[in-house]
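Here's a short set of exercises to work through with the coordinates open in your viewer. Try each task before reading the solution under it.

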Amino acid sequence: MSDVALQPLTIVEIQRRVGQELDRIGSVIDELGTLFADAGEELALVGGPVRDAMIGRLQNDLDFATSARPDVTERLVSGWADAVWDMGRDFGTIGCRKGPWQVEITTYRSESYDPSSRKPDVDFGDSLEGDLGRRDFSVNSMAVRVPAREFVDPFGGIVDLAERVLRTPGAPEDSFSDDPLRMMRAARFAAQLGFAVAPEVVAAMTAMAGRIEIISAERVRDELVKLVCAPHPRLGLTLLVETGLASYVLPELPALALERDEHHRHKDVYEHTLTVLEQSIDLEHRLGGGPDFVARFAALMHDVGKPRTRRFESGGVVTFHHHDVVGAKLTRKRMKALRFSNHDIEAVSRLVELHLRFHGYGSGEWTDSAVRRYVRDAGDQLERLHILTRADCTTRNQRKADRLRRTYDSLEERIARLSEEEELASIRPDLDGNQIMGILGIGPGREVGQAYAFLLELRMDEGPKSPEEAEAALRAWWAERG
């Protein structure tokens with residue numbers, strides 16, 4: 001995502017950009033606008049696409065609001081679009097695709113929460129201005145009527161966009177009462193756009209943080225993922241902590257702001273964690289794609305076991321023994337509560353559990369066997385483990401940092417060499433189950449598994465063997481068992 005939104009903007013520049021973007025998508029908005037106008041209905045491009053057009057990063061997803069009811073919308077677009085779907089019909093939304101454009105058209109509406117409900121009540125509205133007034137922030141409460149291309153901005157969104165600030169269309173208390181998830185959206189947009197959040201909005205978030213508990217775990221999770229994967233996650237995470245929202249949705253994060261011991265001999269774990277996250281992001285290019293949630297969330301959670309394991313020893317020494325194991329358990333528990341997939345839970349938890357393993361490497365004292373086990377235990381998370389381990393170095397001592405980097409370079413070189421020689425990524429015993437049963441003259445059962453485990457350990461300790469060598473070792477092991 002471009003950082004163009006972080007550059008100083010003038011209203012004249014914003015208007016120029018939005019004009020260019022509207023011209024670029026003119027074939028879609030003009031055709032669709034005329035289609036609805038000829039049917040006596042209103043149509044307007046709304047929300048995020050208008051905002052994104054103003055900062056020069058409009059994508060292929062277009063959101064429209066209309067006076068038409070869903071049945072009418074579906075009928076109008078059926079002869080125009082390449083494909084139509086109605087999964088959002090209950091919320092007034094009809095989706096369709098036209099060439100490269102993904103389009104969602106939603107009937108003017110208003111929605112709010114019962115104080116004890118997790119789901120919004122949806123009612124259709126009767127005006128564009130009323131529809132814009134129910135939206136989360138003024139920068140998302142702008143519209144362009146089509147096909148006339150008339151700009152509609154009843155809440156000063158263009159000014160807020162130029163000033164790079166998030167405000168609500170009305171009183172923030174009312175907005176957050178209607179939908180408490182908007183408090184998390186404030187943090188997410190701060191992280192995505194690099195915007196500041198208006199003081200009155202921060203105050204309302206702080207006062208109403210507990211209301212987030214009525215929102216489903218799945219919706220909270222989705223906002224958290226978007227925040228963590230944003231260009232500037234520190235901004236959003238800091239806002240969650242400072243307003244108290246994090247205490248409800250990710251309590252392990254504020255818990256990292258440990259009180260320092262009287263001698264100030266250990267790091268501020270909270271600040272260290274945010275730095276590790278940022279350094280992890282700087283290394284994401286190693287994964288070959290865009291924002292990587294698993295790598296980022298592992299960086300965010302890697303030290304969450306420290307508060308539970310902190311001990312003060314004699315001489316003012318502070319220890320966190322086994323915080324990797326405790327942290328992995330806490331990570332697994334939190335991610336389950338947020339309804340993450342089993343795949344993501346296991347991936348992040350494994351990284352948290354392994355993030356200290358490298359520190360036993362010393363100056364390269366590991367045997368080849370230890371290197372093989374490191375690769376085996378990391379499994380398909382090895383590249384992310386490389387990133388996390390490197391990012392976890394936040395020392396200001398340049399000599400120490402250089403030494404750690406060179407040592408990890410050495411470990412990666414050894415892994416590469418052994419991988420080339422031994423196919424480390426798919427380490428298996430030199431004999432399979434059928435061969436084991438044939439050599440030992442036994443059928444399926446526990447003993448086959450025990451023999452397999454023995455051969456796997458042998459493979460780890462001594463590297464690959466020929467079939468004859470593996471068979472001799474297996475027979476010797478079997479004979480010793482009596």
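**Exercise 1. A covered helix**

Task: Work out how many of the 10 residues of helix α19 (residues 382–391) are buried, and list them.

Solution. Keep in mind that you're looking at a predicted model. Start with the cut-off: a residue is buried when its relative accessible area is under 20%. By that test α19 is mostly covered, with 9 of its 10 residues buried. Going along the helix, the buried ones are L382, R384, L385, H386, I387, L388, T389, R390 and A391. For a background figure, buried residues make up 50% of the 482 residues in the chain.

**Exercise 2. From α19 into the core**

Task: Find which residues Y374 is in contact with, leaving aside its neighbours within four places in sequence, and then look for Y374 in the largest nonpolar core.

Solution. Step one: the contacts of Y374 are R357, F358, W366, L382, L385, T389, Y408, L411 and I415. Three names there should ring a bell, since L382, L385 and T389 are among the buried residues of α19. Step two: the largest nonpolar core has 119 residues, and Y374 is listed with L32, F64, I212, F297, L300 and L411 as having the most contacts inside it. Helix α8 (residues 181–193) gives the most to this core, with 9 residues. There's also a second, separate core of 14 residues, which includes L431, V448, L474 and W477. Hang on to L474 and W477 for the last exercise.

**Exercise 3. Walking across the sheet**

Task: Starting from strand β1 (residues 43–46), sort its side chains by direction, then follow A44 to its partners on either strand.

Solution. First, the side chains: L43 and L45 point one way, A44 and V46 point the other way, and all are buried. That fits the general rule that side chains in a regular strand alternate between the two faces of the sheet. Next, the neighbours. β1 pairs with β2 (residues 61–66) in the antiparallel sense over 3 bridges, and A44 has A65 as its bridge partner there. β1 also runs antiparallel to β8 (residues 143–145), again through 3 bridges, with R145 standing opposite A44. Keep going and β8 joins β9 through 3 antiparallel bridges, where R145 stands opposite E150.

Now put the whole thing together: 7 strands form an open sheet in the order β3-β4-β5-β2-β1-β8-β9, with mixed pairing. β3 (83–85) and β9 (150–152) are the edges, each with a single partner strand, so one side of each has no neighbour in the sheet. From one strand to the next, the twist averages 25°. To finish, add helix α4 (residues 70–78), which lies across β2, β3, β4 (93–98) and β5 (101–107) and runs at about 10° to β4.

**Exercise 4. A helix with two sides**

Task: Why do the buried residues of helix α23 (residues 467–480) line one face, and which helices do they pack against?

Solution. Check the geometry first: α23 has 14 residues and reaches 20 Å from first C-alpha to last, close to the 20 Å expected. Its buried residues are A470, A473, L474 and W477. Seen down the axis of α23, these fall within an arc of 100°, so they line one face of the helix. On the other side, E468 and A479 are exposed. The buried residues pack against α21 (433–440) and α22 (446–462). And there's the link back: L474 and W477 belong to the second, separate core.

Note on methods
Residues numbered from 1 in each chain as written. Predicted model: local features only at pLDDT ≥ 70, side-chain atom pairs only at ≥ 80, totals over all residues. Heavy atoms only, no water. Helix = DSSP H or I, 4+ residues; strand = E, 2+ residues; numbered from the N terminus. Expected span 1.5 Å × (residues − 1). Buried < 20%, exposed > 50% of the residue type's maximum accessible area, 1.4 Å probe, protein only. Arc of directions from axis to C-beta. Contact = heavy atoms within 4.5 Å. Pairing = 2+ DSSP bridges. Axes fitted to C-alpha atoms, helices over the stretch in contact; angles between N-to-C directions. Core = buried A, V, L, I, M, F, W, Y, C linked by side-chain atoms within 4.5 Å.
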